[in-house]
Amino acid sequence: MEQFTIAVVNSFMNEAHREQIAALAAEHDAKVKFFTSQDEALPQMADVDILYAAATGGGHKLAQAAPHLKWFCSVSAGVDPVLRPGVLPEGCLLSNSSGAYGVTIAEHLVMVTLMLVRRYPEYAEIIRRHEWQNNLPLRSIKDSRVTIVGTGDIGTRYAERIQSFQPARIVGINRSGRKRSAVYDEVVDQSHLTEYLPATDILVLCLPGTRETTNLLSRERLAMLPKDAFVINVGRGNSIDQAALVEALNHDELAGAALDVMAKEPIPEGDPLWTAKNVILTPHCSGKMTLAYTRDKSVAMFCEDFVHFIKHEPLAHEVKRELGY
C-alpha cells in the first residue's frame, strides 16, 4: 500500500479533531503532520501528498510549496485562489467544505433579513443620536417575494428557515435551473434573473467566485429591483457592482442592503460603502470556523473523502474545476 503524508493546517481544531484524523491516518498507514499556521507549515510541505487547509487566505502558497500534492481538501468553501494556473500540480484532486457552512450562514442571513425588514439600521441611528422615535412603518418576511441566487447548501438552508415566516414565494436561481429541494416554489436558470428582479422584495446572493458570477448584479440589474427591495450578499463581493449599490442606497432607489462580503476586504478607509444609507456591514464573519457544528462537519467531510481517496473512489466533495465549485 502506498504511504501518504498528510498536512493539516488549521487553527480551529481541538484535540478530538486531531485524534479523529490521526486514528484514520494510522488505520491506513498514512503519516499526518498538524500545523496551526501557514508560516509553520510552509517549510515542511516538500513531502506532502494530501493537504487539508483553507484554499483562501494564502492557501495557494501551501499548494505551491508541495510539488507532490495529490489532493487539496479545502477548509473553505471558496477555492478560487488555488484554481489559478500553476498553483496545483498536474492531476491534483481538489475538494472543498461546501456543506459545512450552511447552518451558520443561514442563521446570519435570517438575522440580517429581520434587521432589514424591521428597519434596524434606522433605529440604530435614532438611538445613536439619543432620540426616541418608535413609529417607523415596518415590513415583514411574511408575504414578501424572496429570490435566492445560488441554491446550494447555504441558499437552501436559508430558504428552509425563512419558509416558516410565510413569504409569498421563494424563487431559486442557479446555473442549471434544476430544482433540488421542495422548499423552493420555483427554480430557474441564471439567464432568467432579469425577469425576476422586478418582482423581488428580498434578493439574496449566495454565489461562489467564478467568471460567471462576477458583476452579476450590475448597475442595470440593480435598477430593475423595486425601490423598496433589499439586497443581501454572503457569497462573493465581486458579484455586485458595489459603487452602483452605494448610489442606489443613497438615492433611495433601494430600501437597504446587508453585506458580509465586499469588493475589497477590508473595506478601505474612506470608501463610501462605510457611510451608505441603510446598509448593514459585517466583516466576512457569517461563515468562518466559529460554530462548533461547522468545525465538526468539516473534519467529518475530510475523513469521509480520505477513505474515498485511499480506495481510489470519486471524492464526495470534489470541486468541478470548470465550474469553480
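How many of the five residues of strand E6 (residues 145–149) are buried? Four of them are, and the strand is therefore mostly covered, where buried means under 20% relative accessible area, exposed means over 50%, and partly exposed lies in between, with a 1.4 Å probe and protein chains only. The model is a predicted one, in which local features need pLDDT of at least 70 and side-chain atom pairs count only at pLDDT 80 or more, while totals for chains, interfaces and linings use all residues. Residues are numbered from 1 along each chain as its sequence is written, and side-chain values use heavy atoms, with hydrogens and water left out.

The overall frame comes before the details. The protein has ten helices and twelve strands, these being DSSP runs numbered from the N terminus, with helices (H or I) of at least four residues and strands (E) of at least two. Its radius of gyration is 21 Å, close to the 20 Å that the globule rule gives for 325 residues, so the protein is as compact as a globular protein of that length; the radius is taken over C-alpha atoms, and the rule is 2.2 Å times the number of residues to the power 0.38. Taken along the principal axes, the C-alpha atoms fill a box of roughly 70 × 45 × 35 Å. Of the 325 residues, 52% count as buried, and among the contacts (heavy atoms within 4.5 Å) with a separation of 6 or more, 59% are made by residues 24 or more positions apart.

From E6 the reader can follow the pairing of strands, where two strands pair if DSSP finds at least two bridges between them. E6 runs parallel to strand E7 (residues 169–174), to which five bridges join it, and it also runs parallel to strand E9 (residues 202–205), this time through four bridges. Along the E7 side, Arg145 has Arg169 as its bridge partner, and Ile148 stands opposite Gly172; along the E9 side, Val146 stands opposite Ile202. In a regular strand the side chains alternate between the two faces of the sheet. E7 in turn pairs with strand E8 (residues 186–189) in the parallel sense over four bridges, and there Val171 stands opposite Glu186. Five of the six residues of E7 are buried, so this strand is largely enclosed by the rest of the structure.

The connection between E6 and E7 passes through helix H6 (residues 153–162), and the three elements make a right-handed β-α-β unit. Right-handed here means that, with the strands pointing away from the viewer, the path from the first strand over the helix to the second runs clockwise.

Ile148 leads from the strands into the interior. Leaving aside neighbours within four places in sequence, Ile148 is in contact with ten residues that include Tyr158, Ala159, Ile170, Val171, Tyr184, Val204 and Cys206. Ile148 is also one of the residues, with Tyr52, Tyr158 and Phe302, that touch the most other members of the largest nonpolar core, a set of 51 residues. Helix H4 gives the most to this core, with eight residues. A second, separate core of 30 residues includes Leu207, Ile240, Ala257 and Ile267. A nonpolar core is a set of buried Ala, Val, Leu, Ile, Met, Phe, Trp, Tyr and Cys residues joined through side-chain atoms within 4.5 Å.

Two further helices show how helical elements are covered. In helix H5 (residues 120–128) the buried residues are Pro121, Tyr123 and Ile126, and they pack against helix H4 (102–117) and strand E12 (279–281). H5 is followed by His130, whose phi is positive, near 60°. In helix H9 (residues 242–250), Gln242, Ala244, Leu245, Val246, Ala248 and Leu249 are buried, and what covers them includes helix H8 (219–222), strand E11 (256–259) and E12. After H9 comes Asp252, again with a positive phi near 60°.

Two partly exposed residues complete the walk. Met111 is found in helix H4 and has a relative accessible area of 40%. Arg139 lies in the loop between H5 and E6 and counts as partly exposed at 25% relative accessibility. Not counting residues up to four places away in sequence, Arg139 touches Val117, Arg118, Asp201, Asp228, Phe230 and Ala255.
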